[in-house]
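Please find below my note on the model, set out as numbered points. The remarks concern salt bridges first and then one residue and its surroundings.

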Amino acid sequence: MASVQSPYFAPRRLGHVNLWVDDIPSSERFYSDVCGLRVEFTEPDLMASFLGTGHTPHDLGMIQKTNGVDRYGKDGLLQLPGAIGLHAGLNHLAWELENEAVLVAAYKRLKDDGVATDITVDHQVAHSVYMFDPDGNYNEFYCDTVRDWRTVLSGPMELITSHWDPMGAEGFTEGRYETDPILHTTPEAPLQPRRITHAVLETPRLDEMTRFYTEVGGLRVVDRQEGVVYLGAHLPQYEHHLVLVAAAQPAYHHAGFELADDAALEHAISRLPEAGVAIDRRVDLPWKRSIFVSDPDGLRSEWYVKRPGHRALASRGDLPLAEAV
């Protein structure tokens, strides 16, 4: 990787996490009816569904596994090669940038410095640059192109993604994200999230991954403890957006969703058994209370309430490190 004087990107926040799933209807029901995320729009031809709380077009995206078959977007774009998406798991992490001008400038610097990227696409409501981290996790760096995205995306959609050429882009400088979004959840769901806040990745390359997400991704180290690095973007109302945890093998561990308060957490704890959903783990630490649940593919998510106590991972007892962070 080329040495740089400043990061290429400067994300505002983690916009969403996108997953590969085995069966879209089953996963959609779980994340909507149990986890409280509302289905914002779907792409039936792409076999994809997008759910959220209203902060962005989606907090969580899901795409059915390719099973080895190529899947195309608009205008013949090979959007999902059959060689990827063979197993349920992380598809990509998506990082929201301020505007198109900074996205285009970052892309041009990457090209000038010989840093590899993958594809660049137009999602109708966003322009995106995709690239891999050192562990092979896929990352999307994007800017919103439509402030009121609900006027563009709603319900089942025709294919929406086509090729985008950053080298010939307009490079607009205003932020087209919503500053006062309309928030909503699935009313009867046991879980009532406020928003997605962060993702947790396990890695055997802690230093190399930290360099990528700071020198390329533009995140900043907000805390570092033995075997763990916390990385934050630029919106101050988020404590951190990505946690890297030292491990023998690279893996996506979970996404974290913030709940409003302890009452919301207690409500979920009491209601989840009625919905037939087991709680994998309850966590009670000075810096957070949370529960972990698994989706139909066994992919985990954490639903948490922040506490004011000092985060001291060495005092976590026998709790696995990736669950204590």
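1. Glu 274 counts as exposed in this predicted model, because its relative accessibility of 63% lies over the 50% cut-off. Its side chain meets that of Arg 271 in a salt bridge, with N and O 3.3 Å apart. Arg 271 itself counts as partly exposed, at 23% relative accessibility.

2. A second salt bridge joins Arg 289 to Glu 266, and here the closest N and O atoms are 2.7 Å apart. This pair links distant parts of the chain: Arg 289 belongs to strand β19 (residues 288–294), Glu 266 belongs to helix α4 (residues 262–271), and the two are 23 residues apart. Arg 289 has a relative accessibility of 14% and counts as buried. Glu 266, by contrast, is partly exposed, with a relative accessible area of 39%.

3. Arg 12 and Glu 98 also form a salt bridge, their closest N and O atoms lying 3.5 Å apart. Arg 12 is in the segment before β1 (13–21), while Glu 98 is in the loop between β7 (89–96) and α2 (100–112), so the salt bridge ties together parts of the chain that are 86 residues apart in sequence. Arg 12 counts as buried, at 12% relative accessibility, whereas Glu 98, at 31%, counts as partly exposed.

4. The pair in point 3 should be read together with its partners. Arg 12, Arg 13, Glu 96 and Glu 98 are linked in a network of salt bridges. For the model as a whole, the count comes to 19 salt bridges.

5. Leu 37 deserves a separate comment. Leu 37 is located in the loop between α1 (24–34) and β2 (38–43). Its relative accessibility is 0%, so Leu 37 counts as buried, the cut-off being under 20%.

6. What does Leu 37 touch, leaving aside residues up to four places away in sequence? The contacts of Leu 37 are Tyr 31, Ser 32, Leu 51, Gly 52, Thr 53, Leu 60, Thr 186, Pro 193 and Phe 257. One of these, Pro 193, is 156 residues from Leu 37 in sequence, yet the C-alpha atoms of the two residues are 7.4 Å apart in space.

7. When inspecting the model, I would ask the reader to view the salt bridges alongside the accessibility of each partner. In the pair of Arg 289 and Glu 266, the arginine counts as buried and the glutamate is partly exposed. In the pair of Arg 271 and Glu 274, the arginine counts as partly exposed and the glutamate as exposed.

Technical notes
Residues numbered from 1 in each chain as written. Predicted model: local features only at pLDDT ≥ 70, side-chain atom pairs only at ≥ 80, totals over all residues. Heavy atoms only, no water. Salt bridge = Lys/Arg side-chain N within 4 Å of Asp/Glu carboxyl O. Helix = DSSP H or I, 4+ residues; strand = E, 2+ residues; numbered from the N terminus. Buried < 20%, exposed > 50% of the residue type's maximum accessible area, 1.4 Å probe, protein only. Contact = heavy atoms within 4.5 Å.
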